[in-house]
Amino acid sequence: MSTSTSLVDAYLKANPETRIAISRTLQGSLTDGTVLVDRHLKPMIDTVYAQIRDLVGPGQLTAGQARMYISELSVFARYNAAYLRQATASVASFCPALAHELYRNFLEEGGEPGKVPAHYVLYSAALLSDLDLLVVGHVPAAETLMLMSLHERMVNSHQPSAIAGGYYATEGVAIAETEILREITDQYGEVTVGMSGSKLEKLDFYYRLHLDDDHEAAQVGGMSVEAAHIEGLAHFLRKSELFHLDLAQALTGFLEILKGMEEWWLRLVRRAKDIA
Ligand SMILES: [Fe+2]
C-alpha cells in the first residue's frame, strides 16, 4: 500500500513556526516544554485530527465500512492496559512520578477491583449488546499491526523521556479518537438498527465514561477521564526539567507515535474505500 502525504508533514509545511520549534527542540536549543506543548503540539494534534475526521466521514459510511473501522479501532483498546503497565515498568526506576501517572491510567483502563470494570470488557460487551457486533478475537489488519508494533517498541523503550512523549501523543489524541469512534458507532447503529446516541445505552455509558467531566469514573477534579490522562502526561513535558526528562527525546517519542497513528488512519481510510 503506497503512503500518501503525511498530514503532520503538511501541517509543518503550513506552520513554519512549529517546524522551527520542533527543529530547535530536537537540536537542544528549545527546552521550554510549555511552549512546545501548548503553542505547537496541541494545535497540531487538533488540526490533524479534524482532517482525519473529515477523511473518515463517519456520517457517510456503509455498514461494512463502519464495521471495519470499529473492528480495527477495538484492537488498540484490547492491548491498552497491557501497554500502560509495560510503560509503567519501563520508566519506574528512572522517573517514579511518571510511572505513578501511567499506573493510575493502567488501573482505570485495566479495571480496578470495586470500581469500573476493564474498559475493553465494557466496550466489547456494549458492541454485542447494542449492535450485535463481535470484535473479540478480531484479527487485526496489517496497518493496525503496524501501529501496535510501533506502540510496543515505544513502551519497551530504554528512554523514559521517549515514553513520556509517546504517551503524550497517545493520550493527546484520545478525546478526538473517541469522538470519531462514537460517530462511527452511531452511523453503524443508524444503518443497522435505526438507533444512535443515548438509545445505544451501553455504548453511551462507555463514551460518557471517557468524555464527561462529571462521570463517576472521573477521578481528577473537573476533568473527564480522557482529559485527565492528557493533562497528566502533558505535565511531564511542560515541566520536563523538573522531572529530569529530555525534551528532545520526548519529542522523538511523540512524533513516532503521532505519525504512526496518522498513517494508520490514512491507511484505514484507503481500506474503507475498497469496501462496499
Ligand atoms: Fe479507556
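**Exercises on helix contacts and exposed loop residues**

In this predicted model, residues I175, T178, R182 and T185 of α9 meet L203, Y207, H210 and L211 of α10, where contact requires C-beta atoms, placed from the backbone, to lie within 7 Å. Local features need pLDDT of at least 70 and side-chain atom pairs count only at pLDDT 80 or more, while totals for chains, interfaces and linings use all residues. Residues are numbered from 1 along each chain as its sequence is written.

**Exercise 1.** Determine how α9 and α10 are oriented to each other.

*Solution.* Start with the axes, which are lines fitted to C-alpha atoms over the stretch in contact, with angles from 0 to 180 degrees between N-to-C directions. The axes of α9 (residues 174-193) and α10 (residues 201-211) come within 10 Å and cross at roughly 165°. Angles over 145 degrees count as roughly antiparallel, and α9 and α10 are therefore roughly antiparallel to each other.

**Exercise 2.** Determine how α2 and α12 are oriented to each other.

*Solution.* The axes of α2 (residues 16-26) and α12 (residues 247-273) come within 8 Å and cross at roughly 125°, and the two helices are therefore oblique to each other. Next, the contact is made by I22, T25 and L26 of α2 with L247, A248 and L251 of α12.

**Exercise 3.** Decide whether D132 is buried or exposed.

*Solution.* First locate D132, which is found in the loop between α6 (119-131) and α7 (142-155). Then count its neighbours: D132 has 9 C-beta neighbours inside 10 Å and so counts as exposed, the limits being 12 or fewer for exposed and 20 or more for buried.

Methods
Helix = DSSP H or I, 4+ residues; strand = E, 2+ residues; numbered from the N terminus. Parallel < 35°, antiparallel > 145°, perpendicular 65-115°, else oblique. Contact = placed C-beta atoms within 7 Å.
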